[in-house]
Every structure is written in C-alpha cells, then in structure tokens.
Amino acid sequence: MTRLTRASRILATTASASALALGLLAAPAPAAPSVPAAPAADEAAPGPTAYAGDGPYGVGQRSMRLPSGALVEVWYPTRPADVAGQPEGTYDVVDWLPPVLEGFLPDGAAVTHPSGGVRRAPIARRGFPLVVFSHGFAGFRQQSSFLTSAIASWGYVVAAPDHRSRTMTTVLGGTPGTTTDVQDLRDTITLVGSKSRTRKNWLHKRVDMTRVAAVGHSAGGRAVENLAVADPRVDTWVGMAGAATGALDEGATAVPTQPGVLLVGGADQIVTRERMEAAYAAMSAPKRWVELGGAGHLAFSDLCEVGEGEAGLLSVADLLGVPIPANLIRLASDGCIDPELASVDAWPAIRHVVVAQLRAVLGPDQATPAAFDGLVEAWPGVVTDSRSE
C-alpha cells in the first residue's frame, strides 16, 4: 500500500479523536537507507556528497543529567575496533508517553528505533568539538538519531538535552509551559565543559570547548538561533525547518552574528518556505540556505519512519486503533505522506549539509567551500536550492 493510500485512510478516521493519542508508537523502524561509503580518514577531500554517509569513527552513546534533572543524550566518536561487532543501541518511544496514556497501550507495546551508538563504548583519545542538538515541539532528545549519530562519526561530541517544557511527554500530558530550551542548551554546554575538565571523568580532555556548534529541528531550530544570540560560546548553528529570526519571532531585535545555515523543507506546511525566506533575509552574513524541495516538516527527524507503514505517527495510531485528533494531524504527518520526499531519501543530504557546515567553521574545511559547491546538481530531486551570502 502506498504512503498516500494508507495515510488517506487513516486521516478519514480522526475527526473526533482524543488529543492524547499523538504519541502512541509501537512498531520497529525500517532499515537505514543506502548512503555513500565513508572515506578512510576524517581529513577526506570535501565535495558535495562527501559527508552523506558515516565518517571514519565508530559511535558510542551515553546519557547524562543536567542540574535541572533533564536527561542529555551524548553521541561521541570511538575507535572502530571498540564497537566492531557490538549491538547498536535503541530507544523506545513509549518511554516518552505520559502515564495517562498507559491504558491505551496493548500489553508489551514498544517501539525500538535505532539510536545510532554502542552504549558505553570508550571514547576515542582526542579533543573533539562539541555540538548541542535541540529537538522539536513534542519531540525528545533522540528524535533525530539518524543525524546526531552521523555527526559523531565525523569526529564530534553531540549532546542533546530533553527540553522538559515541551517534550512529547509534557505535550501529550497536556501541561506544556514556558519553554526552557535555550537555558537547557546553555546548561548542556556548561555540563560537558565541566566534565571535560574533571579528572577520571569519561569525557576528561575529550572535548575541545573552544569549538562549539548548535543544531536544532523545528522549535529546536528556533532555539539554536536564540542560543547563538545569547551565548558567545557558540561558533556556528544550523536550523532545520524552524526559524526565529524574522519569522516565528517577527519582532526580534537581535540576530545571530555567527555563521548560520537554514535547512528548509520546500513542502513544509508547519514552518513554510515563505516564513523561512523571511528569516533568511533577516539573518546576518555569512549565511547559507539549503532547500530540500519535496521535504516536509518531519523529514529532519526519525518520526516518519516509526510505525508499521510509511505514514509515521498516523500509521501507529491506526495500528493501535486510537485515532489522532484533527487539530494535531498535520503536525503528526507533515513530511510523511506521498508525494512528499521520503525521510530516508532526505537524510543523506541533511547529514552532508550539517557536517559540511561544522567542518567549514570548526575545521578542517575552513579553507574551501567545496562541500557546498554543486549541491543541486549532486542531489537531483532532493536539493532544489542552495545559496549563500
């Protein structure tokens, strides 16, 4: 059954549903897409598809906790030999459901989606730049593991906090409050820096705190722009399908001065292309725009690939017999339904652009723009616009 046919059937059943059903996720994820092979070393020559696949490092994964109590997921580089043959970790999206939803779940309901790293593998012996990641509204810290784990494989420590003011648990429980996301990210940078300075900590001398970047999706894209304004420790940022400057915060009086990238879904109906254009116009140079023409809002996350079918959260709700309310359908499905670009087809280009920006600002590609040259030609049918100022 096609994505369009299945999703259309699901949409037709949702008009009188309970708003709590959005997060019911209970099926394994599909296999990862085929991507170009990684080069042999992290000093590989840049080109317009060079960073689409995994980098030269293995990936480890651990969890930490902020002083607020919020969990932080950390992906980090390892020696390939230290993860060879080891099982990749998973996350269970059911863990983010509020207690009030437990009665809807069948016994043993779970979704185990790949999280991209080997739990508690030893970190490679080098000082790596730090990347903080901000999840979207009604998301969670591991929601874009296709990207966060890939970034780590290219030689970065990636730390993603749960924004408890707007996680899936909070939103589905009906109690979202004033967001703390920028402070969560600032606290995450401080926490990682402290651990890197602490003897006998697993991160001791493994993080180069003079090189820091921020990446975010949706509300997280908005957060990393605001973080860049508020925190001079941030050297560059990438906002995916979400912008504050000149768009969601039309009255903003300050814009980031650090180099920034907007990754845009041309078919996004949540944060539209027009709103992203307004944000790009308001940004200060140097800045870059990369548009994935057919991509919807959720293409920058794992969320379209959960569930039994290809309609993402809608297919899961259908599987469990619990419909999604009409007012939340668009958020739960944007980017997951034909004829929108499938997430797995968008992911390699997203990985490439994000890693290319990190390497262009934090090193080692500072001397050349080659990773951004010819993106439209290199990604036919995926990247439809690429520009910079």
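Okay, let's start with the whole protein: it has 389 residues, and 59% of them count as buried. Keep in mind that what we're looking at is a predicted model. If you go through the secondary structure, you'll find 11 helices and 12 strands. The accessible surface comes to about 14,500 Å², and carbon and sulfur atoms hold 53% of that.

Now, how does the chain meet itself? Take the contacts with a separation of 6 or more: 74% of those come from residues 24 or more positions apart.

Let's zoom in on one residue, S115. You'll find S115 in the loop between β4 (112–114) and β5 (118–119). So, is S115 buried or exposed? Its relative accessible area is 1%, and buried means under 20%, so S115 is buried. And what does S115 touch, if we skip the neighbours within four places in sequence? The list is Q61, W75, E88, G89, T90, Y91, Q142, S145 and S149. Hang on to Y91, we'll come back to that one.

Next up, aromatic rings. How many aromatic pairs does the structure hold? There are 8. One of them is Y51 with W154: the ring centres are 4.9 Å apart and the planes sit at 80 degrees, so we call this pair edge-to-face. This pair also links distant parts of the chain, with the two positions 103 residues apart. Y51 is in the loop between α1 (3–11) and β1 (58–65), while W154 is in the loop between α3 (145–153) and β7 (157–161). Both Y51 and W154 are buried.

Here's Y91 again, this time paired with W96. That pair is edge-to-face as well, at 6.2 Å centre to centre and 85 degrees between the planes. Y91 has a relative accessible area of 3%, so it counts as buried. W96 is at 8%, so W96 is buried too. And there's a third ring to add: ring pairs link Y91, W96 and F140 into a cluster. So if you click on Y91 in the viewer, look both ways: Y91 is in contact with S115, and Y91 belongs to that ring cluster.

Last stop: charges over rings. Look at R288, whose charged end sits over the ring of F372, 3.9 Å from the ring centre. Then find R387, which lies over the face of W289, at 4.5 Å from the centre of that ring.

That's my tour, thanks for listening!

Note on methods: Residues are numbered from 1 along each chain as its sequence is written. This is a predicted model: local features need pLDDT of at least 70, side-chain atom pairs count only at pLDDT 80 or more; totals for chains, interfaces and linings use all residues. Side-chain values use heavy atoms; hydrogens and water are left out. Helices (H or I, at least four residues) and strands (E, at least two) are DSSP runs, numbered from the N terminus. Buried means under 20% relative accessible area, exposed over 50%, partly exposed in between (1.4 Å probe, protein chains only). Contact means heavy atoms within 4.5 Å. Accessible areas come from the Shrake-Rupley method with a 1.4 Å probe; for residues, only the protein chains shown count as cover. Rings of Phe, Tyr and Trp (its six-membered ring) pair if their centres lie within 6.5 Å; planes under 30 degrees apart count as stacked, over 60 as edge-to-face and the rest as tilted. A charge sits over a ring if NZ of Lys or CZ of Arg is within 6 Å of the ring centre and within 35 degrees of the ring normal.
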